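Q: Could you take me on a close look at one helix and the glycine that follows it? After that, please connect this part to the rest of the chain for me.

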Amino acid sequence: MPTVTALRARGSRVAVELDGRPWRTLSVASVAEAGLIVGRPLEREHVRDLARTLRRERAAAVAVSALARRERSRADLDARLARAGVRDVERRETVEQAARAGLVDDARFAAARAQQLAGRGAGDALVLADLAHHGVDDPIAREAVSQLEPEPLRAARIVRSRGRSPRTLRYLAARGFGEESLDDLIAELEDAALP
């Protein structure tokens, strides 16, 4: 059984030697959590503890990297961790830790995403579908949509900029605007089509 013969500080990391030869460079937390001490044999339980700690550290690093780029929902973060090959247990722990720390919040994500999509000309149905795609629960998604400028006002602004035409009507329908938001435009186009 190999024995820990040296622990050398390397900035925020620790170089570990086993039987006088370099083995690995680890975080201070992983060395402490695994109970690595100079003169102590590296037993199977230490290796298991170390492997578990390294998996958690890797999961946390992937999460921080993903969240540094943009806001994510809990489901998005979980999917990103899964794509990185993080095991189920570490994924759940990491997502929960991120939520407790306020790094991931579905309500905050939904509000920001809904505003972003509405600003790009999306109707309520498209916003709700997008939030569902990102794993946001329906009540949270509906609350975020309720905070948006009313859909008929957004539709009217698009009609003013694109013109009153069947093409604009199709555009709005494709962008998730509900029929009630399009009633005036539909009626106007129907009246114009009458002889």
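A: Happy to! Let's begin where the helix ends: just after α4, G102 takes a positive phi of about 80 degrees. (Helices are DSSP runs of H or I with at least four residues, strands are runs of E with at least two, and both are numbered from the N terminus.) Please keep in mind that this is a predicted model, in which local features need pLDDT of at least 70 and side-chain atom pairs count only at pLDDT 80 or more, while totals for chains, interfaces and linings use all residues. Residues are numbered from 1 along each chain as its sequence is written, and side-chain values use heavy atoms, with hydrogens and water left out.

Stepping back into the helix, α4 covers residues 88–100, 13 residues in total. From its first C-alpha to its last it reaches 18 Å, close to the 18 Å expected at 1.5 Å a residue (the expected span is 1.5 Å times one less than the number of residues). Its buried residues are E90, R91, T94, V95 and A98, where buried means under 20% relative accessible area, exposed over 50% and partly exposed in between, with a 1.4 Å probe and protein chains only. If you look down the axis of α4, these buried residues fall within an arc of 130 degrees, so they line one face of the helix; the arc is taken from the directions from the helix axis to the C-beta atoms. On the other side of α4, R92 and R100 are exposed. As for what covers the buried residues of α4, this includes α2 (44–69) and α3 (74–83).

Next, the nonpolar cores. A nonpolar core is a set of buried Ala, Val, Leu, Ile, Met, Phe, Trp, Tyr and Cys residues joined through side-chain atoms within 4.5 Å. The largest one has 14 residues, and V127, L131 and V136 have the most contacts inside it. Three helices, α5 (106–119), α6 (124–133) and α7 (138–146), each supply at least two residues of this core. The largest share, five residues, comes from α5. Apart from this core lies another, of 12 residues. V95, which you have just met among the buried residues of α4, belongs to this second core, and so do A63, A66 and L81. Back in the largest core, L131 is in contact (heavy atoms within 4.5 Å) with F109, A110, R113, V136, A141 and A144, leaving aside its neighbours within four places in sequence.

Now for the strands. An open sheet of three strands has the order β1-β2-β3, with antiparallel pairing; two strands pair if DSSP finds at least two bridges between them. The edge strands, each pairing on one side only, are β1 (4–10) and β3 (21–27). Strand β2 (residues 13–18) is joined to β1 by six bridges, and another six join β2 to β3. Along the β1 side, R8 has A15 as its bridge partner in β2, while A9 has V14. On the β3 side, V16 stands opposite R24. Five of the six residues of β2 are buried, so this strand is largely enclosed by the rest of the structure. At the end of β3 (21–27), S27 counts as buried at 12% relative accessibility. Not counting residues up to four places away in sequence, S27 touches S12, R13 and E57.

The turns bring us back to positive phi. β1 and β2 form a hairpin with two residues between them, and G11 in the turn has a positive phi of about 70 degrees. The hairpin of β2 and β3 also has two residues between its strands, and there D19 takes a positive phi near 50 degrees. Most residues other than glycine have a negative phi. D19 has its positive value although it is not a glycine, and at 46% relative accessibility it counts as partly exposed.

One more glycine to finish: G163 is in the loop between α8 (151–162) and α9 (166–174). G163 is partly exposed, with a relative accessible area of 24%. Leaving aside its neighbours within four places in sequence, G163 is in contact with I158 and T168.
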